[in-house]
Structures are given as structure tokens and as C-alpha cells.
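Hi,

Here is the structure I promised to pass on. Have a look at it first, and my notes on what turned up follow below.

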Amino acid sequence: MNDMTPIARTTTIKDWESDQEVRWCPGCGDYAILKAVQRTMPEIGARPENTVFVSGIGCSSRFPYYMETYGFHTIHGRAPAVATGVKLANPELDVWIITGDGDALSIGGNHTMHLLRRNLNCQILLFNNEIYGLTKGQYSPTSREGTKSPSTPYGSVDRPAKPCAFALGSGARFVARGIDVHKNLPTVLKAAYAHKGAAFVEIFQNCIVYNDEVFSAFTAKDQAPGHQLWLEHGKPMLFAGGTKGIAIDHNTLTPVVVDVTDGDWQAAGVIVHDVTNRTVAHMLVELPFGDFPMALGILYDDPRPTFEEAVIAQNRSAAEGKKPDLQKLVAKGETWTVDQPRDG
């Protein structure tokens with residue numbers, strides 16, 4: 001868990017806004033995510049001088065320029081590698097990784113997987129707009145079947161990757177979902193920050209130019225109540241104003257949507273959410289949208305020791321009782337001496 005102890009100096013949103021002009025397309029969902037992060041930082045007691053934002057390549061990866069913190073705009077898909085180096089060099093830093101569906105799951109899929117399984121103590125925010133926006137609208141690993149784009153003019157035939165399913169399969173111990181413009185996004189970000197280990201957050205982000213309203217079936221104002229399932233630990237899985245819920249068919253061991261009458265969710269068999277239940281988390285990320293609502297909020301949260309803790313402990317153990325001797329290290333193993341050539 002990151003240090004949540006109150007500090008003497010408090011910050012405001014202005015302390016987190018850099019002097020750089022924010023350059024995304026007008027109406028891009030990235031603006032809302034940026035503001036949500038900047039609003040969240042003072043509330044969690046973070047400090048700009050102790051915070052690092054690391055990004056790869058893509059529209060979302062301009063993010064570090066707009067935060068008044070330390071930052072790295074790295075190369076395509078390699079943000080996890082750079083972030084790992086930063087955290088190992090200085091474990092006291094708060095490290096945030098900003099990435100997109102293409103950056104994290106295509107060229108960076110291997111790096112993302114290993115960061116999650118190693119459980120580096122950091123926050124990964126994956127902006128998912130189901131398209132390559134920066135390079136003019138090609139289909140991405142999360143694009144749906146049938147998506148028409150410059151690289152799939154007849155429609156994509158690929159089966160899309162599911163970011164949260166990928167994260168769970170890679171061993172992530174914290175998995176969550178949010179929406180770029182939703183009021184609950186800061187709550188999700190706070191939970192990610194409080195988690196000890198790699199916290200993976202998929203954020204549904206609207207690309208107004210190349211994939212506009214792709215998530216409208218559950219984000220549009222008239223669709224949200226009946227198609228968003230906001231999860232809360234210890235609370236029943238209810239949606240549609242509490243008139244519907246998620247239960248388990250005990251004959252098939254599969255989830256079902258049930259009607260809730262007069263608020264009696266127990267009688268309807270609605271499940272109570274437990275963020276430490278990995279089996280339920282897998283079920284939630286695989287719920288087929290349409291027949292089921294979109295599961296949002298904290299899907300899974302079950303900390304374990306972090307990668308940098310293990311590395312530091314191992315190094316400390318290996319060095320115990322030993323005196324540093326650089327010359328001895330250099331001379332270790334097979335060595336040879338080059339003599340000066342003789343005259344004549």
C-alpha cells in the first residue's frame with residue numbers, strides 16, 4: 001500500500017497542472033481522465049516531487065507532459081520496463097503507468113504481462129478506446145469483430161482482447177474498470193493507489209474522431225442505469241435502480257440476471273460482491289454485454305508481496321556480512337594481463 005499518512009503540506013489541483021498546452025482532439029475522453037487524476041492527487045495526499053508518470057506511445061501517452069510531476073514519455077509498449085527500473089531504483093516513488101489498448105496489449109503485451117505477474121507496486125491506467133487514434137484509426141487488439149478501419153476496410157475478423165481478463169490471467173491482484181467521464185472514476189483511482197502491488201485499471205475512453213460513441217450502449221445517459229453494474233465490496237450486485245441483480249444458476253454454475261421485487265435482493269439470490277474472490281472476478285470480466293450489464297468499479301483486490309520488496313530483501317540477504325570490494329569483483333574469474341611489448 002502506498003503511504004496514505006497525512007502530510008503537512010497539502011496540494012490543490014493547480015499544483016498538479018503543468019504549464020504545457022493540453023493537445024488532444026476537442027471532446028476527447030482523455031481530458032476527463034486527466035482532470036480526474038489531477039483532482040484525485042490532492043485527495044490521496046500524493047506529492048508532485050515524489051510522483052512519476054510513465055507512458056508509451058499513443059494519444060494517452062502525452063499524459064506525463066500535463067502533470068506537474070516527474071515523467072517519462074518512453075517508446076511503444078515499453079512503459080512497464082521503464083517503470084520497473086524507476087521503482088527498483090527508488091521504491092519510495094509513486095509510479096503511474098499511462099497506456100492505451102494498442103500500446104499495452106499489442107507491442108507492449110509481453111511487458112504488461114510480466115509487470116503484472118511480478119506485481120510491481122504501481123498503478124496502470126489503460127485508456128481503452130478500441131482503436132488506434134494517434135495513427136489515424138486502425139483497428140486495435142480490443143476492436144470488436146466487424147470494426148471497419150483503414151487497416152480493416154471490410155471489418156475486423158479478429159476476436160478482441162479483454163483487458164481485464166488479460167490482467168487477471170497475467171496474475172494481477174487488483175483489477176478495476178471505470179469510464180472517462182463518470183463521477184466514480186476518482187473513487188476507482190483512489191482504490192488503485194491504496195492497493196499494495198500492481199493495480200490495473202481499464203478506463204473506457206471515447207475517441208470522438210475515429211470511434212465515437214463506441215461505448216454508448218452503456219455510457220449514454222439513457223442507457224447507463226440499466227447497463228452499468230457498479231460493484232462495491234460487501235454490497236449486493238444490483239443495477240437498474242435496484243430492480244435487477246446478478247445471481248448464480250446453481251445447476252449450470254453460470255451467472256444469470258434476476259428481477260428484484262420490493263428491494264428483497266436476498267430472496268432473488270443476488271450475489272454479494274467480495275473483491276478478494278478471484279473466481280467471481282473472472283466471471284465479472286467475462287459477462288457478455290447485452291445479456292448482462294457492464295461490470296464497473298473494483299472487480300478484484302487481493303494484495304500480496306510486491307516485486308521490489310522481494311528484490312530488495314534478496315539483495316540485502318546476499319550482501320549480509322560482506323564488505324564491498326569493487327577490485328575483487330572486477331578480478332573475479334578468469335583474468336589476464338597484457339604486457340608491454342619488448343623493444344627489439
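β3, α3 and α4 each give at least two residues to the lining of the largest cavity. Keep in mind that this is a predicted model, and that the values below are computed from it. The largest cavity has a volume of about 50 Å³, and the count of cavities of 30 Å³ or more comes to one. Its lining is made up of P80, I97, T99, D103, A104, T112, L115 and I124. Sorted by class, that lining has five nonpolar residues, two polar ones and one charged one.

Helix α4 deserves a look while you are there. It covers residues 109-118, and its buried residues are G109, T112, L115 and L116. Those buried residues fall within an arc of 130° when you look down the axis of α4, so they line one face of the helix. What do the buried residues of α4 pack against? The list is α2 (79-89), β3 (94-100), α3 (101-107), β4 (122-128), α5 (163-169) and β6 (198-204). T112 and L115 turn up twice here, as buried residues of α4 and as part of the cavity lining. Just after the helix comes N119, which has a positive phi, near 70°.

Two other residues share that kind of backbone angle. As background, most residues other than glycine have a negative phi. E213 has a positive phi, near 65°, and sits in the loop between β6 and α7. Its relative accessible area is 45%, so E213 is partly exposed. D262 also has a positive phi, near 55°, and belongs to the loop between β10 and α9 (265-268). Is D262 buried or exposed? With a relative accessibility of 79%, D262 counts as exposed.

Now for the pocket. The largest pocket holds about 460 Å³ of space. It is lined by 24 residues, and those closest to its centre are E130, R144, K162, F289 and M294. Which elements give two or more residues to this lining? They are β6, α7 (216-219), α10 and β11. The lining of the largest pocket breaks down into 16 nonpolar, two polar and six charged residues.

One of those elements, helix α10, runs over residues 278-285, with V280, A281, M283, L284 and V285 as its buried residues. The cover over them includes α5, β5 (174-179), β7 (228-231), β9 (244-249), β10 (254-259) and β11 (294-301). At the start of α10, a side-chain oxygen of N277 comes to within 3.1 Å of the backbone nitrogen of T279.

E130, from the pocket lining, also comes up with S143. S143 lies in the loop between β4 and α5. Its relative accessible area is 1%, and the cut-off for buried is under 20%, so S143 is buried. What does the side chain of S143 reach? One partner is the backbone oxygen of E130, at 2.7 Å. Another is the backbone nitrogen of S140, at 2.8 Å. Setting aside neighbours within four places in sequence, S143 is in contact with E130, I131 and P160.

Further along the chain there is E309, in helix α11 (residues 307-319). E309 is partly exposed, with a relative accessible area of 34%. If you want to place it relative to the cavity, try I97, one of the lining residues. E309 and I97 are 212 residues apart in sequence and 19 Å apart in space, C-alpha to C-alpha.

Finally, the whole chain. Its secondary structure comes to 12 helices and 11 strands. The C-alpha trace spans about 100 × 45 × 45 Å along its principal axes. Of the 344 residues, 45% count as buried. Among contacts with a separation of 6 or more, 67% are between residues 24 or more positions apart.

Cheers

Key:
Residues are numbered from 1 along each chain as its sequence is written. This is a predicted model: local features need pLDDT of at least 70, side-chain atom pairs count only at pLDDT 80 or more; totals for chains, interfaces and linings use all residues. Side-chain values use heavy atoms; hydrogens and water are left out. Buried means under 20% relative accessible area, exposed over 50%, partly exposed in between (1.4 Å probe, protein chains only). Helices (H or I, at least four residues) and strands (E, at least two) are DSSP runs, numbered from the N terminus. The arc is that of the directions from the helix axis to the C-beta atoms. Contact means heavy atoms within 4.5 Å. On a 1 Å grid over the protein atoms alone, a cavity is a set of points where a 1.4 Å probe fits but cannot get out, and a pocket is an open set with protein on both sides within 12 Å along at least five of seven lines; lining residues have an atom within 4 Å of a point. Grid points are joined across faces, edges and corners, and a volume is the space filled by probe spheres set on the points. Ala, Val, Leu, Ile, Met, Phe, Trp, Tyr, Cys and Pro count as nonpolar, Asp, Glu, Lys and Arg as charged, and the others, Gly among them, as polar. A polar contact is a pair of N or O atoms within 3.5 Å; within protein, one must be able to donate a hydrogen and the other to accept it, and residues adjacent in sequence count only if both atoms are side-chain atoms.
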